[in-house]
Amino acid sequence: MIRRIQAFLRSLRPIKFVVSLCAALLIAGSSACLRGVDLPDKSSQQYRDYVSAFYVGLAALDVGDDVRAEERLKRATEIIANEPAAWGNLGLLALRQREFDASAANLEKARTLAPDNAQVYALRGLLESSRGQYAEAIKNYRRAIELDPKDLRSIYALAQEVEREGGEASETEVLGLYEKILAAQPSNLAVLLEVTRLAAKRGDGEKLKAAIARVTEQASTWPPEARQQLDALRTAAEGVNPRQAGSRVAFLRNVLLRVAEYRQSLLAVKLPADVLGDPFTRFVLLPSPDFTPAAPDEALTFAPEPLPNAEPDKWSWVGYFSSNGEDKPIPIVANGGEARVGERVTLSFPGGASSTAPAPDGITALDYNYDFKNDLVMAGAGGVRIYKQENAGAFTDVTSRTTLPPQLTNARYAGAWPADIELDGDLDIVLGAEEGAPVVLRNNGDETFKEARPFEEANNLRRFAWADVDEDGDPDAILVDASGRLQVFANERTGQFRARGVPQSLGQIVALTIADANRDGRLDVLALQTDGVILRLSDKAEGTDWESGEVARWSEAGSNLSGGAARIWAADVDNNGGIDVVASGANGARVWLSDV
């Protein structure tokens, strides 16, 4: 993946990524005042080399490839030493590795180059806090907030540091900092609970009751156990000693950790525990790169060629497979009884007693055991089969080793898709049951799996996509059922999902994919409807609303989209730097070239 990023960046062209950070690669920001620093022209090869090194390093930093991240970010500082962004990311990388001295040196270099950049001071505050220098952490967070008063995470971090340090006036200052956050986000439940806790700690009965009243306004949708804890908190607040309510605040917060609204509010002011610091995703002094596609290549043609040794009328499904994600893909053909990988490997396909042909997503590749070899999962009317790739491209059916019960592995399925549902680093398998809720085979990391059902509100899954469409740092689930109804589940982490409403105007969906269709640096859902219209569905207002628009229309599709054979892809077909759209059906296909 990173090789592909690097190749495209050399020509300053965008590429579609289904990872949250790579979408930021397309965000164009205005450059800051150059302050007289000697920087290369945007048209120079030096600038282009820096763009390539920086963004490959950024992508590696995001996915935890520390060796590549350090190598490419250091290379960026060698190409242009006076741009602070790479220095800042090197400082963050060293901090994540707990190399505090190296982190301090890199962040100091970034500060020297950009003395008025709030993010540099926020990272320095995080560094000082991590190594126990709390007074220095406070100093840096104060400076970050001076430079960017809207930085809610720095305000929250400063409040925590001030309270940790203590002192006669610390609680008063901390309450003032929380009120600053509430001025921007009046309903932030996590911060309201902090105010409630501090009011109880200080014995301020009036402020405690006022804070509880604001919390209660959001309690109507809470689960019963959370409302019970809130009632207990209110009772304690009415007692003689308000300080006794402090423990009740802690109990309520523990219960609310399972409530999506609370986790969302906490995420707005504090990164998840497994994420240390925000990296620089754009340049500070250099101008951001332009990602403007060339004119579409309307003379593009395709020459059909027969697949080698593919007998006519024998196969009903075709796809491709790369043994390790980098080697040249080879074709896979399949029918209701077997699948042939390349020209030599033949595997059994679970088509059931009636030898039902694979659905469009009935065969998928993933490296479920992280041995750098792609394995195969096949799901059909006869169940699910997991094939582990051995040496020399041979495969072994390891379904029986997964510890999954036969009633699960032999059930009827309409598709399989890879996704790290719990964000634990192990790829899981999403199965579309022909009837009923989707099944997730949760990867235990030891080549065994456990059944989970995180999407109980969905049924008869036929299409699935996995992408961070709301830009909150974790992939969301987009599902289409057998009736063509689209559903979106926002990722609340730890395997928890929250169903989001979608526009009522959506028609019957037959296929979907993910792409930055409107070139705003954010991932969109592209949905192909039965009437041939391809719609763009884009997140709006930070996960609370949607914006939709027509991208293309296949007017002649007709019955071509019936029967469950429709597919849609997004790719740069004509190599002009724009995202094109390809759709296919039972009897034909159509390509729309990007011209913006």
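**Strands, faces and a patch in a predicted model**

Trainee: What makes the two faces of strand E21 distinct?
Mentor: The model is predicted. In E21 (residues 567-571), Ile568 and Ala570 form a covered face. Arg567, Trp569 and Ala571 form the uncovered one. In a regular strand, side chains alternate between the two faces of the sheet.

Trainee: How do you know that E21 and strand E22 pair?
Mentor: Pairing needs at least two bridges. Five join E21 to E22 (residues 580-584), so they count as paired. The two run antiparallel. Ile568, on the covered face of E21, has Ala583 as its bridge partner in E22.

Trainee: Why is Val591 called partly exposed?
Mentor: Its relative accessibility is 34%. Buried means under 20% and exposed over 50%. Val591 falls in between, so it counts as partly exposed.

Trainee: What makes Val591 eligible for a surface patch?
Mentor: A patch residue needs over 30% relative accessible area. Val591 has 34%, so it passes that cut-off. This residue of strand E23 (589-592) makes a nonpolar patch of about 270 Å² with Leu300 and Phe302.

Trainee: Why are E1 and E4 called edge strands?
Mentor: The open sheet has four strands in the order E1-E2-E3-E4, paired antiparallel. E1 (317-321) and E4 (345-348) each pair on one side only. Neighbouring strands of this sheet are turned by 20° against each other on average, direction ignored.

Trainee: How do you know that strand E3 pairs with E4?
Mentor: Four bridges link E3 (residues 338-341) to E4. The cut-off is at least two, so they pair. Glu338 stands opposite Ser348 in E4.

Definitions and conventions: Residues are numbered from 1 along each chain as its sequence is written. This is a predicted model: local features need pLDDT of at least 70, side-chain atom pairs count only at pLDDT 80 or more; totals for chains, interfaces and linings use all residues. Side-chain values use heavy atoms; hydrogens and water are left out. Buried means under 20% relative accessible area, exposed over 50%, partly exposed in between (1.4 Å probe, protein chains only). Patches are made of residues with over 30% relative accessible area and no salt bridge: like charges are joined within 9 Å, nonpolar side chains (Val, Leu, Ile, Met, Phe, Trp, Tyr) within 5 Å. Accessible areas come from the Shrake-Rupley method with a 1.4 Å probe; for residues, only the protein chains shown count as cover. A salt bridge is a side-chain nitrogen of Lys or Arg within 4 Å of a carboxyl oxygen of Asp or Glu. Axes are lines fitted to C-alpha atoms, for helices over the stretch in contact, and angles run from 0 to 180 degrees between N-to-C directions.
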